Amino acid sequence: MSPNLDSAIKSQVPALLLRRLFGASRRDEAKQLSRGPAPSPAPVGRRRVFVQTETGCVLGMDLDRGDNAHTVKRRLQLALNVPTGETSLTFGDRVLENDLSFIRPDSPLLLTRNSINRSCSTPCLCPVSKDFEQKDCSGLVEVLGCSSSCDRVKRLVDDVVTAIRSGVDPVPISSGLGGSYYFRNVIGDKVAIVKPTDEEPFAPNNPKGFVGRALGQPGLKKSVRVGETGFREVAAYLLDHENFANVPATALVKITHSIFNINCPVNGGGPAPAHDQKLQVNSKIASFQQFIAHDFDASDHGTSSFPVAAVHRIGILDIRIFNTDRHAGNVLVRKLNGGTGRFGCQTELFPIDHGMCLPENLEDPYFEWIHWAQASIPFSEEELEYIRNLDPGRDVMMLRRELPMIREACLHVLVLCTVFLKEAAASGLCLAEIGEMMTREFRGMEEEPSQLEVVCMEARKRVAEWEPPSATAEQEEDIDFQFSMDMLGGYNDVIRSPRFNGSGFKGTGFRSPLSKLVESIDEGNDGHEDQNEPGRVFYAGWNTPNGPSKAIGQNGSATKSAMNRSADEQLPSSMCFVRLSDMNADEWNVFLEKFQELLKEALQERAHAAAGQRMKQRLGTSCKF
């Protein structure tokens, strides 16, 4: 064999191997040879997915029917030079192995390491070369798994892509703890806010120094994982039916641009020099939200002028999604000069930044509107009708369809809070009273559970009495429960408060919500800077998909000892008084039934206590000073 022929063969073998690994069949290769570079139609069963490593690398690839986790890892290894030994490929709660048939098109997958020693200094092997663009033929911006409900977002995506190709670059946003960017249209107007998942606080590529954890580990809130705030932003938009609360249009996207931050490029060195930034091509999975032109946020303006209906609608959404971060900076205010808004007022409110909603367990929520006078005004008939028509079962099915990576624990929280809202509103409680029942209080130096948590704890107790768990069942749950609270530090089910010594539901005194250390910083203001049923129905049957979810702890994968706690010292500790994420399907159904029974009793007791308080006030207190 001549040297020239030998050299040609050696140069062609890698290219042929890559084409085969990335889904090109022999027939496709023959077509390419005979017809040129025109792409052939995708065969039936082929799906486009996006695989992200825990350090932020993203690769788009096509899955065929015969693909499994091993072939996906092999492609990643060849394309990105990422080590795939001792790793697990996950999709939400599931660890993927041989069967990938249930993976839907445009789904984001996550490759996580199983090793015990994790370090923030581990090189982030991110694609930065032109070869990457040859292997990943994705567009500049691709919407992931969005249906027709995201038409507004798709139009914005078209505007952004046109602007990028016309040389209009995005602008980094300096405020907040995470990386976020203004993306503009061709005339330079801001049209979207993009927040990459790997640039969140504590994520590997955070541009502001808040690093120390891999994607999938506990984040600012211990029950909200690093890299998973993006799909929560999308969930809040999807759950805002008929744009009832004015949530801006939001979608999850795979987006490519050189402006994105990479702390450690492929070679494992430091950040690239400034003059090389434009040469990098960085693909990210990110939330993509419509930019809302506004005049200020609620922290810069007196709340007395806010429309009652607008405050109620934002509060109704926050209760449903158990928002743990509704501070005033997360409510944008737009003045309507000379006109009137949706509710006949001259200001319009827009709730933003929902990345801390739908936690995997109940935490202490933060509802700024509890202190606003509008929250103490009874719901209107229109609002009560909206609440009565809420269907948590339908919402769960919708989120599973639109966001298949969402964890079952998050859906449990959604169902629980929607049921609670419906029952509380039907009992005549106003928005502030409902928020108070969900909010924890401090007594001395102890954090007390909320009334909602007390009801949940008693319901779990009755579930245990209904079917005491056996030792075998407990072992199986330990294997199947991926997000073990043991690995989250301060969480436990130990009840330390004397509040639990009795079986009743205690009093109505609540503390004002307190801002938490890091969370009180204007993270929620990222990208939005100032610019001048009477009847009761048991909700059963919303369970995990057929069969238990596989856990990361299986087959030598990540366990509690494998989690990096390097950032824990920077966070305030929080207690988990009751778990919602470790129940199987039958236990969950029984829990919901017991919860509704106990909730009715708690609401009746609260009503009697309120009536007694009003009677006491009517008896006269005019002599008290």
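Contact here means heavy atoms within 4.5 Å, and with that meaning in hand the reader can follow how helices meet in this predicted model.

The chain contains 14 helices and 16 strands. Of its 625 residues, 55% count as buried, while the accessible surface comes to about 27000 Å², with 52% of that area belonging to carbon and sulfur atoms.

Two packed helices are described by the angle between their axes and the distance between the axes. One pair to look at is helix H9, residues 392-402, and helix H10, residues 408-426, which pack at an angle of about 155° with their axes 9 Å apart. Because angles over 145 degrees count as roughly antiparallel, H9 and H10 are therefore described as roughly antiparallel to each other, and H9 passes H10 in a right-handed crossing. On the H9 side the contact involves Pro392, Asp395, Val396, Leu399 and Arg400, which meet Glu408, Leu411, Leu414, Val415 and Thr418 of H10. Sorted by class, this contact has 6 nonpolar, 1 polar and 3 charged residues.

Another pair is formed by helix H7, residues 308-320, and helix H11, residues 431-438, whose axes come within 10 Å and cross at roughly 25°. That angle makes H7 roughly parallel to H11, and the crossing of the two is left-handed. From H7, the residues Val311, His312, Gly315, Ile316 and Ile319 take part in the contact, and from H11 the partners are Leu431, Ile434 and Met438. By class, the contact of H7 with H11 has 6 nonpolar and 2 polar residues, and no charged ones.

Note on methods:
Residues are numbered from 1 along each chain as its sequence is written. This is a predicted model: local features need pLDDT of at least 70, side-chain atom pairs count only at pLDDT 80 or more; totals for chains, interfaces and linings use all residues. Side-chain values use heavy atoms; hydrogens and water are left out. Helices (H or I, at least four residues) and strands (E, at least two) are DSSP runs, numbered from the N terminus. Buried means under 20% relative accessible area, exposed over 50%, partly exposed in between (1.4 Å probe, protein chains only). Accessible areas come from the Shrake-Rupley method with a 1.4 Å probe; for residues, only the protein chains shown count as cover. Axes are lines fitted to C-alpha atoms, for helices over the stretch in contact, and angles run from 0 to 180 degrees between N-to-C directions. Angles under 35 degrees count as roughly parallel, over 145 as roughly antiparallel, 65 to 115 as roughly perpendicular and the rest as oblique. A crossing is left-handed if the near helix is turned anticlockwise from the far one by less than a right angle, and right-handed if clockwise. Ala, Val, Leu, Ile, Met, Phe, Trp, Tyr, Cys and Pro count as nonpolar, Asp, Glu, Lys and Arg as charged, and the others, Gly among them, as polar.
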